[in-house]
Amino acid sequence: MNVRKLTAIALAALITLGAASALADTVPLKVWGSQENQALLGELIEEFKAANPGVEWDISLGVVSEADAQTRYSEDPAAAADIFAFANDQLRTLVTSDSLSEIAGSRLEAVEAANTAGSVESATLDGVLYGFPMTADNGYFMYYDKSVFSEEDVLSLDRMLEVANAAGKKVFMDVSNGWYIASFFLGAGCTLDIGEDGKQICDFNNANGLAAAEAIRKFTADPAFMTGDDSVLQGGMGGSIAAGVSGTWNASAMEDKLGENYAAAPLPSFTCGGELKHMASFIGTKILGVNSLSDYVKEAMQLAEYLTNEASQLKFFEQRALGPTNIVAAANPAVQENIALAALSAQSAWGVSQKNVLNGYWGPAEAFGLEMENKSDADLQGLLDQLASQATQ
Amino acid sequence: MAVKKRDPFYLRLARGFNEYIRMFREGDLWTRLSYLIMGAGSLARGQIAKGLLFLGGEAAFIWFYAGFGWRYLKDFGTLGTNAQLRVWDEADEVFRRIPGDNSMLILLYSVLTLAAILPLVMLWKSNVRAAYKAQKLRESNKSLPGFLADAKTLLDNRFHMTLLSFPMITLALFTALPIVFMVLIAFTNFDKSHQPPGSLFGWVGLANMRNVVFSNPLYARSFGGILGWTFVWAVFATFSNYILGMILALMINKKGIKLKRMWRTIFVTTIAIPQFVSLMLVSKMFTDTGVVNVILQRLHIVSSPIPFLTDANWARFMVVMINIWVGIPYTMLMSTGILMNIPAELYESASIDGATPVQTFISITLPYMLFVTGPYLITTFVGNINNFNVIYLLTAGGPATLDYYQGGKTDLLVTWLYKLTVNEQNYSLASTIGIFIFVIVAALSLTVYNLTGSVKKEDQFS
């Protein structure tokens with residue numbers, strides 16, 4: 001044990017020496033961010049360079065969306081970026097492949113102090129923090145048209161459908177998508193968790209799940225129900241669509257379409273087995289992670305910390321309307337007044353962390369949603385059993 | 001010259017061994033030494049350049065093994081046991097990684113290292129033979145060929161070696177080795193919970209094969225279902241394009257049709273647009289809120305959108321139809337040339353005998369076409385079994401279904417394999433399916449190919 005420790009320390013010292021001697025040379029860092037964030041990231045990187053003179057920075061920026069980060073990383077970890085933004089549902093897979101550099105020591109204290117507890121938790125697995133919380137907006141809620149629905153109407157899904165039918169309008173939700181459809185199941189009291197063997201636990205086939213599935217069937221059968229992808233919502237909002245479940249990335253499009261009637265609220269309640277239950281939602285964050293195989297871990301940490309600090313997060317809010325995780329930035333009046341972010345933070349009371357969902361869940365959940373959208377008359381219990389058994393493979 | 005029937009492999013191998021034992025018995029000290037130290041025989045008899053080449057080859061091989069190959073090959077049995085280590089760096093307050101084993105690299109480089117034995121064996125054999133031959137030539141007091149003379153044979157009676165060596169080497173490096181590597185993955189548990197360098201994977205024997213065939217009912221059901229649809233698709237996609245393309249060509253070629261060139265050009269324009277662009281656009285057109293559904297609804301032909309791509313049967317129908325649209329021009333172009341070659345007297349005598357156009361098509365055109373394009377049909381069929389583009393760009397395998405594991409109703413084996421790899425990181429399962437696809441496709445195409453007219457009646461063309 002001692003010998004091992006000694007060698008480890010010696011090795012670490014050697015690496016440190018190597019890194020220190022390299023400091024005088026160029027520090028090449030590669031950053032991955034989404035297409036939409038490229039301009040701002042580029043700007044922030046220039047600021048970072050200016051704020052840290054004395055080092056020859058050679059920072060390159062690549063386009064990899066937060067949703068694809070894990071996939072692209074696993075293609076070739078050694079060639080992947082030193083710093084990459086990812087949605088926190090990929091956290092577990094990334095940790096399994098030991099891809100993320102842990103944040104510890106004084107840096108850990110700083111991150112914990114600066115960011116909301118929820119966002120820090122979303123980047124933490126088994127007590128270890130694996131990245132810098134970047135934005136807290138990977139969730140969904142309800143956009144609606146104020147001229148059609150009152151604030152009372154949007155409290156209940158049944159009421160919304162009634163009003164929409166009367167007005168000849170549609171309520172939009174992409175039910176054939178595991179991310180959105182979970183809203184009903186999780187609201188009904190079902191759970192998605194990870195077992196000790198690292199496998200998915202999914203109890204959507206219990207009595208609560210069955211009640212939720214019946215509610216979904218009723219919802220999708222309603223004439224006012226409408227499904228589709230983002231482009232459908234963006235095209236139809238204000239026209240045939242009067243309310244739609246989506247996230248902050250659609251905020252500006254919704255505002256453009258609805259103008260004065262633009263409003264957002266937490267998801268409504270739905271009738272589930274005779275009871276009124278509030279629809280839950282996945283709530284996720286975007287995290288800036290540091291590649292554990294980076295040759296310049298320390299410098300990468302430095303840059304990642306800079307890109308997620310208070311000033312940077314405020315810029316992300318101002319230019320991209322992304323919700324900050326930084327406590328001070330989140331308390332900024334401009335952030336507080338943002339309609340979409342306010343709805344999201346109200347919905348977060350029913351938020352369920354997405355890091356306990358493995359990749360195997362999405363496919364079967366989508367298939368189940370599709371069955372519902374296609375108004376299949378198959379036995380719900382049978383479908384749910386299949387869903388649960390597939391998700392837990 | 002009659003083709004000599006070759007002996008079975010093991011007999012030839014045994015004879016080869018005997019040959020080398022005989023040469024060892026008859027060999028003198030230097031020849032025998034060549035069995036261990038390559039090039040010894042050539043060096044002793046003054047063929048310095050040749051001897052040095054042999055010796056250098058052996059040295060390079062030992063250097064490669066000791067310096068590189070052995071590091072990976074020694075762990076080939078376990079595919080690594082130590083994952084990478086974390087070390088706390090107090091000064092910088094970061095964890096640094098001490099590289100450990102990486103199962104994937106061990107597997108990859110072990111395959112490379114094992115393959116490196118092959119050139120060594122070949123070099124060793126030619127070294128022994130050169131030593132023996134030199135010894136015999138010396139014993140009969142003949143002069144030995146110099147290095148230049150040896151080298152010159154490469155441009156003369158061993159010219160085939162010179163020509164083929166480069167393609168053979170690239171084929172081995174870039175085709176054979178990757179295939180061996182990927183086949184081996186099918187015998188490991190390389191999946192989402194075994195991702196090196198964080199967590200290593202190891203050998204699991206035939207477990208993946210058993211899972212796909214029977215052990216895991218879900219995998220087995222998915223594989224069976226998707227395989228079935230793959231065949232249905234391949235049959236429809238191949239023959240619909242083939243026959244319709246041919247009919248189109250016939251129609252355009254028909255006497256009395258005006259503006260032949262214009263018609264041909266119009267159909268060929270679909271080729272001019274890159275396939276993936278047109279396919280992605282078409283898939284947008286057929287969504288529930290796409291152009292087609294909107295038009296149908298505005299015209300009050302349907303009241304609710306037709307689930308073109310979200311209903312299993314519709315989606316299957318649509319992919320075949322859209323494939324016809326993008327595929328026909330190719331068959332049309334190809335058929336045009338062949339149709340013009342069919343002797344016109346056949347048609348003339350048929351019309352004198354009073355055959356209807358359909359009879360002419362079935363009795364003259366189709367047999368003639370099948371005879372000429374039999375091998376083409378097979379390659380198209382195999383291409384359709386693996387037709388990733390059309391399926392993935394149109395429906396991405398959807399509509400998703402709970403019947404299949406992470407699959408959809410229009411998924412072909414190859415798109416399913418893609419999903420398993422990219423979304424699920426289930427490389428071992430994907431590799432297993434890849435092996436199955438290969439076996440099925442190879443068996444099928446070899447059998448059918450040998451049954452086609454163009455092979456059986458090669459000499460009776462027309």
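This note comments on chain B of a predicted model and on the side of chain B that touches chain A.

1. Secondary structure. Chain B contains 20 helices, and alongside these helices there are two strands. The two strands, although few in number, will come up again below when the contacts with chain A are described.

2. Overall dimensions. The radius of gyration of chain B is 31 Å, whereas a compact globule of 462 residues would be expected to have one near 23 Å. Taken along the principal axes, the box filled by the C-alpha atoms of chain B is roughly 95 × 80 × 40 Å.

3. Domains. The domain assignment divides chain B into domain 1, which covers 9–165, and domain 2, which covers 214–460. The C-alpha centres of domain 1 and domain 2 of chain B are 49 Å apart.

4. Burial and contacts within the chain. Buried residues make up 30% of the 462 residues of chain B. If one takes the contacts in chain B between residues at least 6 apart in sequence, 65% of them join residues at least 24 apart.

5. The side facing chain A. Which parts of chain B should a reader look at here? In total, 35 residues of chain B are in contact with 41 residues of chain A. Strand 1 (85–89) and strand 2 (94–98) of chain B each contribute at least two residues to this side, and strand 2 of chain B gives the largest share, with five residues. By residue type, the side of chain B that touches chain A consists of 15 nonpolar, eleven polar and nine charged residues.

Notes: Residues numbered from 1 in each chain as written. Chains lettered and ligands numbered in written order. Predicted model: local features only at pLDDT ≥ 70, side-chain atom pairs only at ≥ 80, totals over all residues. Helix = DSSP H or I, 4+ residues; strand = E, 2+ residues; numbered from the N terminus. Rg over C-alpha atoms; globule rule 2.2 N^0.38 Å. Buried ≥ 20, exposed ≤ 12 C-beta atoms within 10 Å, placed from the backbone. Contact = placed C-beta atoms within 7 Å. Domains from an automatic or database assignment. Nonpolar A, V, L, I, M, F, W, Y, C, P; charged D, E, K, R; others polar.
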